[in-house]
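Open the structure in your viewer and keep the selection tool ready. We will go stop by stop.

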Amino acid sequence: MEQAFIPENETERLKALQAYEVLDTAEEKSFDELTALAATICQKPISLVSLVDNQRQWFKSHHGLDAQETPRELAFCSHAILENQLFVVENSLEDQRFHDNPLVTGDPKVIFYAGVPLVTPEGFNIGTLCVIDSKPGTLNEEQKRSLKSIANQVVRNLEYRKSLIELKLKNKQAKKICTQLESANEELSQFSYRTSHDLKAPLVTIKGLAEAISEDVGTKDYREISINANRIENTAIQLESFVSDILDLAKAELLEPQYEKINLQDIIDSVEANLSRVYIHNNVELKVKFEHTNTFYSSKTRIHQILENLISNGIKYSDNNKSRKFVLVTSKNLGNSILITVEDNGLGIPKEHQSRIFNMFERFHSDVTQGSGLGLYIVKKHIDKMSAQINIIHSSVGTKIEISFKNKDLT
Amino acid sequence: MDNYSIIIIDDNETDRYLLKRLLKKVKINFNIFEAENGRAALDFFTKKNDSNPPLMIFLDLNMPLMDGFEFLEKFSALRSEREDLKSAMLTMLTSSDRKEDILKAKSYDFVDNFITKGSLSIEDIKESLLKKFPDISFED
């Protein structure tokens, strides 16, 4: 017995075969009909679609034979794929290469064999369409031509099958993108509704106050005029901070990933300077405690906005019943990642609301100056864009929020 | 007759002030109560169970803790078991002018009116009162 050579392009050939994702799949009518047709036309009892794998030949279709696969070294098809044309053995008992092959001497007694290589569009012979008989035989010219045509059809079936699989995959991806788009769209529509509402509401209030002032000028009620002028100022401040929240949100969405060296103390200083203009009378002490180094690599704008929102929440929602009000920022450098906590002894977030705190436009403290309801939503946007983590940690004195993110060390 | 009770449910202190100012011009003695959100208003109704039920309720939509719609749902349930709340007229007074919001609010039969903040006039209030009390008189 002579074993067939391994083709020179074996690695690429196997890759091409695997790309069809057909090995070890169920029987399919479209292949079984072709082997039945080949057997009828060639008038042989057995016809196979044999795919030559690394160690075996595996049958996608096996007409007239019960086996699903045989070892590659015994396979006639291993020889047939080395040719670029029809490979015929009219009587294997008289053939040097096959006379003592167990498939010849034993079942299924492959005495006659004719196989056409299955050639992929890239030119790889991945297997054969073959017909087999247990007695010697021949094929006439018509039968040979038909066998070649059917082999071409087998390859077309495989190609069609492959594009169907790809299509299904693309379909699945498209559906996923569609769902994402739908939810983004829903979010956007909710956002634009609430934004236009929240921009308009303070303007209506200011208009009402201005009318009130005009009326009071008539009656010279200067005390009331002064109170209302103050209300206008506060409402305008609230509107202004709402607008800057919206701009921050746009930044959170659009910011390109950028990593720069960050000194946490610098960021805290800048946040403190920004906030001190807003919260003049809150008397909240901002404390910092850094372990290890306080420099790391991340997006400066994102870290700045996250901390500004968290710290300003700590100041805004401080508890006036406490004599010493504080916001404490700590940081730890854990090597690959940075852990920052912002803790306060303020009003705290009621437990039943904690699942909703990152939602757009959620507000939980009605007795405190109106916020935009966007603060923690902006924080979450940044966190998601940075693939960072944010958690509410249990705190007995107020609120404690922990964020952790990768330290992109550029050195 | 006793003073009429009115409750304003709105988280915005300035907007409550502007409404109170307007109510003063109606020239009727109102007892005005205020609630910062739906939950505070519900608490008020559960506690208050006397001979002077609220005549008018002004309700904002967008509020923290319990918004206007959640309040409507809870109030509707409360109202079905409380005789004294049956006569209360509820006016939505909100910054929203969205159709869905108007339809949703008006699906409650006790919601009498849906007015956008800033466009409420003395006449609107007088008209609402006259609907309920045809012989009411406004001092001049």
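The expected span of a helix is 1.5 Å times one less than its number of residues. Keep that rule in mind for the first stop. One caution before you start: this is a predicted model.

**Stop 1: a helix in chain B**

Select residues 68–80 of chain B, which form helix α3. The helix has 13 residues. From its first C-alpha to its last, α3 of chain B reaches 18 Å, close to the 18 Å expected.

Now colour its buried residues. Which are they? In α3(B) they are B:Gly68, B:Phe69, B:Phe71, B:Leu72, B:Phe75, B:Leu78 and B:Arg79. An α-helix has 3.6 residues a turn, so residues three or four places apart point the same way.

What covers the buried residues of α3(B)? Show the strands β1 (4–9), β3 (54–59), β4 (89–94) and β5 (111–116) of chain B, which are included in the cover. Then add the helices α2 (38–47) and α4 (99–106) of chain B, also included.

**Stop 2: where two chains meet**

Select helix α6 of chain A, residues 222–254, and helix α1 of chain B, residues 13–24. Their axes are 11 Å apart, and the helices pack at an angle of about 140 degrees. The crossing of α6(A) and α1(B) is left-handed.

Next, show the side chains in the contact. From α6(A), pick A:Glu224, A:Asn228 and A:Arg231. From α1(B), pick B:Glu13, B:Thr14, B:Tyr17 and B:Arg21. By class, this contact of α6(A) with α1(B) has 4 charged, 2 polar and 1 nonpolar residues.

Zoom in on B:Arg21, in helix α1 of chain B. Is B:Arg21 buried or exposed? B:Arg21 has a relative accessible area of 14%, and the cut-off for buried is under 20%, so B:Arg21 counts as buried. Among the residues B:Arg21 touches are A:Ala212, A:Glu215 and A:Asp216.

**Stop 3: along helix α6**

Move to A:Asn234, in helix α6 of chain A. A:Asn234 is partly exposed, with a relative accessible area of 43%. Draw a line from its C-alpha to that of A:Pro202: the two residues are 9.8 Å apart in space and 32 residues apart in sequence.

**Stop 4: a helix pair in chain A**

Select α8 (residues 300–316) and α9 (residues 375–385) of chain A. Their axes come within 9 Å and cross at roughly 150 degrees. Angles over 145 degrees count as roughly antiparallel, so α8(A) is roughly antiparallel to α9(A). The crossing is left-handed.

Show the contact residues. Those of α8(A) include A:Ile306 and A:Leu310, and those of α9(A) include A:Ile378 and A:Val379. The contact of α8(A) with α9(A) divides into 6 nonpolar, 5 polar and 2 charged residues.

Definitions and conventions:
Residues numbered from 1 in each chain as written. Chains lettered and ligands numbered in written order. Predicted model: local features only at pLDDT ≥ 70, side-chain atom pairs only at ≥ 80, totals over all residues. Heavy atoms only, no water. Axes fitted to C-alpha atoms, helices over the stretch in contact; angles between N-to-C directions. Helix = DSSP H or I, 4+ residues; strand = E, 2+ residues; numbered from the N terminus. Parallel < 35°, antiparallel > 145°, perpendicular 65-115°, else oblique. Left-handed = near helix turned anticlockwise from the far one by under 90°. Contact = heavy atoms within 4.5 Å. Nonpolar A, V, L, I, M, F, W, Y, C, P; charged D, E, K, R; others polar. Buried < 20%, exposed > 50% of the residue type's maximum accessible area, 1.4 Å probe, protein only.
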